[in-house]
Amino acid sequence: MFLRITLTVICIACSVSVFSQDLEKRLSDALLEKDSSELIFRREFNNLKTTLDSGIYFYYLGRFERSSGERRKAAQTLLKALDYLTLESKPDLFISSYNNLTYLESILGDWDKAMKFGQKALESATIAGDSNKIGYSMADIAIVFHDMEEYDKGVEYAKNGYEILKSFSKANPTTISFALNAIAINFDDWNKPDSALFYHLKVFDLLTVLDSSEITNTYNNIGNTLLKQNQFEEARKWINVAKKYNYVRGSQYHLASNFTNLATIAYNLNDFQGAEAMMDSAYKYVVESESREKLRDYLYEQFRFQKRKGELNKALDFLEEYALLKDTIFKEDRVRMIGEIQTLYEVEQKERELAYSRAALAENELIVKNRNNQLLLLLVALLLILGVSFFIYYRQKNKTRHLEQESKLQTIYAEQETQKRLQEQRSRISSDLHDNIGAQLTFIVSSLNNIKFVDLPKEKLEAKIDQISAFTVETVSELRDTIWAMNKDSISVEDLQVRLAGLISKAREACPQIGFKLEIEEGLPHDLQLGSLEGINYFRIAQEALNNALKHAGATQIEIFVGKEGDDQITISVMDNGSGISESKVLGNGLRNMRIRAERIGKELRVETQLSEGTLITVI
């Protein structure tokens, strides 16, 4: 029973599909039947069964109206086709509808619309993954840019389309020639004739798979390029070939170009009578084509022709018309189109409702006949959708849980790293406390014990107590500095500068006869962060060097300099103009302590000294 139902549904679906395919072939063939095309389209309208049939019908009707020269009507019909077509149901006709609209709106002079339709065609072709349509759509947009006189963008789009087609093994030769033509005409009007001719002549490489009549535009465009180079006789040969093919095709748009170019050649060769005849023919086809682009070209060439003849009044009239047309960007054309749209609105609505009614009636009949079968298929499809949805939901849920766990692990790891760095910092500061403050306190205790057990004269006892007191004050100061460093995760250059300024201030109070200076290198960021251990050791080294200069050097000038070393490091120098350090003292305890502090933070202590000329101590 189930097999019979399935086969019935498949047969019905196949019959609908076959009818749509037959309809498309009949309408495609109707485009070639010039005499009976209108009758065929009228007859087929009564046979439409589905929404897809309506979309196919209006697409080919729009193509027929375009080939008949009814460009405004064709644009409206193609928009109607898009009401029924989708990218999923009929991707080739859906994209081609936008391509045709791009061409029509460009010819009618509404370049904003043309660009919008061109971009929609390119977007749809990209989604469909159709390389031929992508290349064609990019060339289409390039021609719109050409008509808008934005030739650099035109070349860019057309070249991109051509590269896509070149890399595609099943590229359509006609589409390749179209892309080459788009590149060439942009180069031509960009005043780059050599590049234009290069790409035009590449089209002839396709003559092994294309007929000469399929590249008619190339003949005219080569002639147009040669014309601009004043190669008039050679240009005329090419344009006459194009004219012959365009007569056969009945293309008023291209014939308008041919005759305008031939008129230009004639008046440049001083054949004014011939030029007049060609201008008359050009105007006839300009009117029939309804192309504002061709009207613009015709008016400009008339201006140049009349000027060449010496008819300056006529020349000015044509120039005024040309300027007006170009400046208004076809405003009157757009107003007229709006009026036509309003007039046709009710008719279109009725046609659309009628087409929908017929499609709905045919589809309802199928639904009534096969309701049970469709319900069964719907149930199966629903179960499949539920299964797939559950699978996707379960998979997404697992993925989300995995991401959450990963995020938690990363957070824990980051916290552990932070704690590790803090612990290392505390260990280093603890070591500093033990090695320095601890040793100094031990010395104080030991000294006090010695006083207790040694009988010293009063003068020596007072001196000893003063020494212990001074050493205790120094220890307290070092302890405060260490606590200051421990209370900070990091020490900025600005913090260090404040501490150094305080150190110099105390030294200046104690030794007012000595000149002190603190200099910070220009450009050194004040918010540059140092490790707390690094900062306190920089300070201790500077403090020790300053004390040595005060006690032993007999200096009159002492300067502390803080400079930049690399992207995130600093260097500190202490310079004095004192007596210098003898070789025996270079290895003394003070300098050894400073070296130990520098090594503790991964730095080097350099001592540059000369007797009677001063000392420079640098941490780098």
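Biologist: Which side chain does Asp297 meet in a salt bridge?

Modeller: This is a predicted model, where local features need pLDDT of at least 70, side-chain atom pairs count only at pLDDT 80 or more, and totals for chains, interfaces and linings use all residues. Residues are numbered from 1 along each chain as its sequence is written, and side-chain values use heavy atoms, leaving out hydrogens and water. A salt bridge here is a side-chain nitrogen of Lys or Arg within 4 Å of a carboxyl oxygen of Asp or Glu. At 3.6 Å, N to O, the partner of Asp297 is Arg296.

Biologist: Is Arg296 buried or exposed?

Modeller: Buried means under 20% relative accessible area, exposed over 50%, and partly exposed in between (1.4 Å probe, protein chains only). Asp297 has 29%, so it counts as partly exposed. Arg296 has 10%, so it's buried.

Biologist: Which residues are linked with Arg296 in a network of salt bridges?

Modeller: Asp297 already pairs with Arg296. The network takes in that pair plus one other residue, so to speak: Arg296 is linked with Asp297 and Glu149.

Biologist: In which helix do Glu301 and Arg304 both lie?

Modeller: Their side chains meet in a salt bridge at 3.2 Å, N to O. Glu301 is buried at 11%, while Arg304 is partly exposed at 32%. They sit three residues apart, about one turn of the helix (helices are DSSP runs of H or I, at least four residues, numbered from the N terminus). That helix, residues 292-309, is α15.

Biologist: How many salt bridges does a search of the whole structure find?

Modeller: Another one joins Arg42 to Glu38, with the closest N and O atoms 3.5 Å apart. Searching the whole structure gives 18.

Definitions and conventions
Helix = DSSP H or I, 4+ residues; strand = E, 2+ residues; numbered from the N terminus.
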